[in-house]
Amino acid sequence: MDNTIVSVFSNDTELSKGVRSVLTKKLISRGYTVVNEFSDNSSLIICIGGDGAFLETIHECDFPEIPIVGINTGHLGFFQEVLPENFDKFICDYENNDYTLQRLSTVMCTVTTSKGTVNRHIGLNEITITGRKSYSIHFDISIDGKPIEKFSGDGILVATSAGSTAYNYSLGGSIVDPRLELLQVTPLAPMNTTAYRSFTSSILLPDDLSLGVVPESPENRIYITNDGIETGYSNVKEIEVSASDKHANLIRFNNYDFWNKVKDKFL
């Protein structure tokens with residue numbers, strides 16, 4: 001790792017491109033080498049944009065161990081730490097090691113088809129399992145191998161603690177402090193009938209337990225979406241959702257407080 005190499009990513013908005021240009025000049029003037037791609041030799045990854053750009057960067061870099069910091073040019077900016085007008089303080093604090101690393105856990109989905117193929121998907125925020133749009137889907141759901149319920153509805157979402165404030169929250173799920181490593185299972189439009197008895201609120205699982213999902217009709221189309229990346233499957237035999245061993249190391253400066261950010265963004 002070279003402490004002078006910095007990888008910079010941004011989305012394609014005019015604001016973000018302008019911010020990237022200004023930041024790049026500042027970093028070069030201080031002796032850094034700036035690259036616009038992921039490098040194993042980088043000491044820092046900078047992402048310019050909103051939360052969507054941050055998630056794209058994390059996936060493009062395959063959940064790197066290298067510290068990453070976000071500069072917010074988007075709307076909510078829950079992951080983003082730095083405002084564009086605070087460039088100089090950010091660089092100074094970084095050079096003085098005046099920050100901490102927030103270790104964010106991820107969630108993994110393993111899909112096994114009736115043909116024997118196995119595919120894995122990883123999400124920093126969440127993974128959703130759904131059927132065709134406007135069609136209900138039916139699952140047999142187990143926890144740690146023990147049958148729990150026969151689900152009917154639009155699908156289920158499994159969120160990390162960090163992802164609890166995203167899609168999960170809009171579904172009525174709970175906000176969870178990201179220092180807690182757990183999985184939150186939240187139903188999407190669940191139905192309760194004499195045939196299906198679905199949970200209507202979130203359940204929280206410790207990160208050493210897995211969630212099993214078996215489609216009632218394997219021939220139906222199943223869609224797995226991890227952080228907005230959708231993949232369709234047919235002939236799904238079973239799906240397992242569990243904590244992943246991949247993490248993201250997000251830089252947080254000394255004035256960061258999760259619950260203050262929750263208050264500022266949501267209240």
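At what relative accessibility does Asp144 stand, and how does Asp144 count? Asp144 has a relative accessibility of 41%, so it counts as partly exposed, where buried means under 20% relative accessible area, exposed over 50%, and partly exposed in between (1.4 Å probe, protein chains only). We will come back to this residue below.

**What you are looking at**

This is a predicted model, in which local features need pLDDT of at least 70 and side-chain atom pairs count only at pLDDT 80 or more, while totals for chains, interfaces and linings use all residues. Residues are numbered from 1 along each chain as its sequence is written, and side-chain values use heavy atoms, with hydrogens and water left out.

The protein holds five helices and 16 strands; helices (H or I, at least four residues) and strands (E, at least two) are DSSP runs, numbered from the N terminus. Its radius of gyration is 20 Å, close to the 18 Å that the globule rule gives for 267 residues, so the protein is as compact as a globular protein of that length. That radius is taken over C-alpha atoms, and the globule rule is 2.2 Å times the number of residues to the power 0.38. Along the principal axes, the C-alpha trace spans about 65 × 40 × 35 Å. Of the 267 residues, 51% count as buried. Among contacts (heavy atoms within 4.5 Å) between residues at least 6 apart in sequence, 68% join residues at least 24 apart.

**Two helices, each with a buried face**

Helix H1 covers residues 14-29; at 1.5 Å a residue its 16 residues should span 22 Å, and its end C-alpha atoms are 23 Å apart, which agrees. The expected span here is 1.5 Å times one less than the number of residues. Ser16, Val19, Leu23, Thr24 and Leu27 are the buried residues in H1. Viewed down the axis of H1, they fall within an arc of 135 degrees, so they line one face of the helix; the arc is that of the directions from the helix axis to the C-beta atoms. An α-helix has 3.6 residues a turn, so residues three or four places apart point the same way. On the face of H1 turned away from the buried side sit the exposed residues Glu14, Lys25 and Ser29. The buried residues of H1 pack against strands E1 (5-10), E2 (33-35), E3 (44-49) and E4 (68-72), and against helix H3 (87-95).

H3 has buried residues too: Phe87, Phe90, Ile91, Asp93 and Tyr94. Seen down the axis of H3, these fall within an arc of 165 degrees, so they line one face of the helix. Their cover includes H1, E3, E4, strand E5 (99-113) and strand E16 (236-253).

**Residues with positive phi**

Here are four residues with a positive phi, with the place of each.

| Residue | Phi | Place |
|---|---|---|
| Gly31 | about 95 degrees | just after H1 |
| Asp62 | about 60 degrees | loop between helix H2 (51-60) and E4 |
| Asn97 | near 55 degrees | after H3 |
| Asp144 | about 55 degrees | loop between strand E8 (137-143) and strand E9 (146-153) |

Asp62 is not a glycine, and neither is Asp144. Asp62 counts as partly exposed, at 46% relative accessibility.

**An open sheet of six strands**

Six strands form an open sheet in the order E12-E11-E10-E7-E14-E15, with antiparallel pairing. Strands E12 (203-206) and E15 (229-233) stand at the edges with a single partner strand each, so one side of each is left without a neighbour in the sheet. Neighbouring strands of the sheet are turned by 20 degrees against each other on average, direction ignored; axes are lines fitted to C-alpha atoms, for helices over the stretch in contact, and angles run from 0 to 180 degrees between N-to-C directions.

Two strands pair if DSSP finds at least two bridges between them. E10 (residues 155-159) and E11 (residues 182-188) pair in the antiparallel sense over five bridges, and Val158 stands opposite Val185 in E11. E11 and E12 pair in the antiparallel sense over four bridges, with Pro206 in E12 as the bridge partner of Leu182.

In a regular strand the side chains alternate between the two faces of the sheet. Along E12, Ile203 and Leu205 point to one face and are buried, while Leu204 and Pro206 point to the other and are not.

**A long-range meeting at Thr112**

Thr112 lies in strand E5 and is buried, with a relative accessible area of 17%. Thr112 and Lys237 are 125 residues apart in sequence and 5.6 Å apart in space, C-alpha to C-alpha. Leaving out residues up to four places away in sequence, Thr112 touches Thr117, Val118, Val236, Lys237 and Glu238.
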